[in-house]
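Q: Please walk me through this structure one feature at a time, with the general idea before the particular case.

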Amino acid sequence: MEIVELIRQALADAHETLERTVSGLDQAALDWQPPGTANPIGATLAHIIVSEDMVANALLAERAPLLRTSFAGRTGLSEPMPMPGPAWADYGEWAKRLRVDMPALLAYGQATWAASDAFLAGLVPADLDRDFDLSAVDQGHRKLGWAVLHMLVGHGEQITGEIACLKGLQGLGGLG
């Protein structure tokens, strides 16, 4: 198996695990505010989907993200997620206020995942060694392969683990 196909499979597996993990959650489980500074599942799920849209589409593929094109006004979020920069200071309060429409959010997620896969499918192994300027997100210069593995696959798996923990705290089990 060549490296690009391996990365595509890893990202597809991460998406499948996330979908299984959030399957069947009701609005109360999505909105539940955990103790401390952790965020509700709904906001955490929104974070991973919006982040992947912004990373895969806007940052790596250098095209407009779906939340500003085909999913504008249809992301399933009661309000847009703050983006890195000055607005990021409101992230914690946003997470508490946010309400999600799970079917709409998952439809946006599935479209985002398809766009990510299409971007990856267009790569050849040599592309992964290309220098990429990630200064806009405080990562300096990295290789494209690093960005894909850490900012898409790794980030998605980490957030799925957070969601599994939040489910467990509610007595709902963990990973799907």
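A: Helices are DSSP runs of H or I with at least four residues, and they are numbered from the N terminus. With that in mind, Met1 in this predicted model can be placed in the segment before α1.

Q: Is Met1 buried or exposed?
A: A residue counts as exposed when its relative accessible area is over 50%. Met1 has a value of 75% and is therefore exposed; together with Ile3 and Leu6 it makes a nonpolar surface patch of about 340 Å².

Q: Which residues have the most contacts inside the largest nonpolar core?
A: A nonpolar core joins buried residues through side-chain atoms within 4.5 Å. Here the largest one has 32 residues, and those with the most contacts inside it are Val22, Leu45, Trp94, Leu105 and Tyr108. Helices α1, α2, α3, α4, α5 and α6 each supply at least two residues of this core, while the largest share, eight residues, comes from α3. Apart from this core lies another, of 19 residues, including Val4 and Met151.

Q: How many salt bridges are there, and what does one within a helix look like?
A: The count comes to eight salt bridges. One of them links Arg20 with Glu16, whose closest N and O atoms are 3.4 Å apart; because these two residues are four apart in helix α1, about one helical turn separates them. In helix α4, Lys96 and Glu93 lie three residues apart, about one turn of the helix, and their side chains meet in a salt bridge of 3.6 Å, N to O. Glu5, Arg8 and Asp117 are joined into one network by salt bridges that share partners.

Notes: Residues numbered from 1 in each chain as written. Predicted model: local features only at pLDDT ≥ 70, side-chain atom pairs only at ≥ 80, totals over all residues. Heavy atoms only, no water. Buried < 20%, exposed > 50% of the residue type's maximum accessible area, 1.4 Å probe, protein only. Patch = residues over 30% accessible without salt bridge, like charges linked within 9 Å, V, L, I, M, F, W, Y side chains within 5 Å. Areas by Shrake-Rupley, 256 points an atom, 1.4 Å probe, with all protein chains shown as cover. Salt bridge = Lys/Arg side-chain N within 4 Å of Asp/Glu carboxyl O.
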